[in-house]
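Hello,

Here is the structure I promised to pass on. My notes follow below it.

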Amino acid sequence: MENKKFPFKEAKEIDFMDAIVQENWFEAYDLIREESPAYFMPQIGMYVLTRYADIEHVLRDPEQFTSSRDTEPLIKFKESLSLYEEKGWPRIQPLSLNVPKHSHFRKLVDPALAAGAIKKKKTFIVNVINELIDTWIDEGQIAFMERFAEPLPMIVIAELLGLPRMDLPLLKVWSSAWVLPHSKGLTVEQETEAVKKHIELQHYIFDSMKQKRKNPKDDIISHLIQTEVFDVDINAKRPLTDEEVIGSVDHLLIGGNETTTFAISNGLWLLFKNAEVYKNIEANPALIKNFVEETLRIESPTQGLFRSAKYDCEIGGVEIPAGSTLSIRYGAGNRDPRRYRCPMEPDLNRKNAGRHLAFGIGEHVCPGATLSRYEQRWAWEILLSRLKNLRPTPGKNDFTHMKGIWLRALNEIYLSFD
Ligand code: HEM
């Protein structure tokens with residue numbers, strides 16, 4: 001079902017900014033993986049890592065391979081950067097700081113996203129899934145992304161953070177604006193517009209913090225405004241600053257949204273392509289857990305992110321100078337034949353199916369992994385019990401993917417069912 005032909009035969013022809021490559025990541029990774037363990041791609045000026053073992057090695061050494069964008073600032077134009085100073089708060093991500101500060105912030109949110117906390121929300125999440133299905137079950141066909149895969153994670157993360165459900169349309173607009181500067185090549189106007197929207201989100205979170213200071217509830221924002229963080233610079237605990245709360249909340253809000261949307265819709269696509277897998281999980285719902293893991297492995301929503309090399313080093317015999325940027329391709333490690341037998345195939349009985357790189361690994365492993373896994377698992381259990389004969393709506397699907405270098409996301413997916 002891939003749409004564009006893949007004309008390339010050698011690694012040197014591959015440019016990650018090329019739309020054909022972005023539609024056919026896995027063929028591109030195969031060429032690069034065989035060429036070199038750390039392949040320098042001149043077109044993007046980065047070392048590309050595609051082998052599972054090398055990626056794991058890098059992710060488990062956060063002292064040497066830092067996750068901040070040391071080499072390239074996210075916001076590029078001074079016009080948009082100054083808006084944060086004049087009208088908002090600095091754009092920071094306390095949950096993604098480098099070691100040693102990182103773990104002190106992560107400790108503040110990890111318990112609220114751990115298995116115990118998510119299971120306590122099971123009734124809420126299951127109700128949301130059923131309510132969403134109720135709104136369209138009589139229609140026989142739907143735009144699956146818009147009517148199910150998008151609203152589900154958004155409603156759930158808003159609930160955990162303590163934001164009202166009626167504000168979802170606004171949150172959706174702000175989420176897209178937050179993500180936009182991660183794509184290369186924005187004009188100054190586009191970047192400024194995205195920053196203005198992000199500043200609106202900052203003010204929205206700040207207003208919610210003010211309300212919760214007067215009237216705290218059992219949610220993540222209330223927790224962050226009342227708790228203290230250990231500050232390594234002063235060697236003591238202190239309350240979080242406003243910008244630290246805002247930066248943590250917007251990161252959780254956005255992190256919790258699009259990736260899970262893409263995982264659920266990628267899962268539906270896999271079912272369309274693999275009739276046997278569909279038959280098996282429908283007959284035996286205990287296999288849904290592994291289906292979710294195989295979806296995450298084969299169609300990883302986050303295909304890649306960065307690391308910066310702090311010192312000169314070597315990866316698989318390739319010399320990497322200090323200051324180099326590494327493009328870590330989780331999606332390639334997840335299909336590495338050195339690691340997985342028949343890596344391209346979903347295998348519901350794969351041993352250790354959950355040991356993939358879709359959520360990262362090590363110090364910066366995704367804090368929302370457990371939440372997302374449960375959302376997907378409960379979604380499939382209910383979808384498969386309430387809908388029969390899932391199939392692509394004829395004439396509606398082209399199964400193309402969003403352009404961009406970091407995510408694996410269908411543009412849309414239309415579902416018909418009985
Ligand atoms: C299928 C869904 C998801 C995928 C594929 C995904 C993937 C990832 C990946 C690959 C990382 C980076 C790890 C690294 O730097 O190596 C990450 C980090 C992160 N994710 Fe997720 N994520 C998902 C869902 C979520 C959810 C539900 C939340 C929020 C509740 C979330 C919040 C975050 C945050 C805050 C970070 C930064 C963590 C850090 O730097 O320590 N993600 N995620």
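An open sheet is the place to start. Five strands form it, in the order 1-2-10-7-3, and the pairing is mixed. Its edges are strand 1 (39–41) and strand 3 (65–66), each of which pairs on one side only. Bear in mind that this is a predicted model.

Strand 10 (residues 325–329) deserves a look. It pairs with strand 2 (residues 46–49) in the parallel sense, over three bridges. In that pairing, Val-48 has Ser-327 of strand 10 as its bridge partner. Strand 10 also pairs with strand 7 (residues 304–309), here in the antiparallel sense and over five bridges. There, Gly-304 is bridged to Arg-329 of strand 10.

How enclosed is strand 10 by the rest of the structure? Largely, because four of its five residues are buried. The cut-off for buried is 20 or more other C-beta atoms within 10 Å.

Next, the ligand. The shell around the ligand has 27 residues, and the closest are Gly-255, Thr-259, Gly-360, Cys-366 and Gly-368. Three helices each give two or more residues to this shell: helix 13 (242–255), helix 14 (258–273) and helix 18 (369–386). By type, the shell residues divide into 14 nonpolar, twelve polar and one charged. Gly counts as polar in that tally.

One loop residue is also on my list. Ser-183 sits between helix 10 (168–179) and helix 11 (188–214). Is Ser-183 buried or exposed? Neither in full: Ser-183 is partly exposed, because 15 other C-beta atoms lie within 10 Å, and that count falls between the limits of 12 for exposed and 20 for buried. Thr-261 is 78 residues away from Ser-183 along the chain, and their C-alpha atoms are separated by 19 Å.

Now the whole chain. The protein chain has 18 helices and twelve strands. Its C-alpha trace spans about 60 × 55 × 40 Å along the principal axes. The radius of gyration is 21 Å; a compact globule of 418 residues would have one near 22 Å, so the two agree. Of the 418 residues, 38% are buried. Among contacts with a separation of 6 or more, 72% join residues 24 or more positions apart.

If you open one view first, I would suggest strand 10, with strand 2 and strand 7 as its pairing partners. After that, turn to the shell around the ligand, with helix 13, helix 14 and helix 18 among its contributors.

Best wishes

Methods:
Residues numbered from 1 in each chain as written. Predicted model: local features only at pLDDT ≥ 70, side-chain atom pairs only at ≥ 80, totals over all residues. Pairing = 2+ DSSP bridges. Rg over C-alpha atoms; globule rule 2.2 N^0.38 Å. Contact = placed C-beta atoms within 7 Å. Near = placed C-beta within 6 Å.
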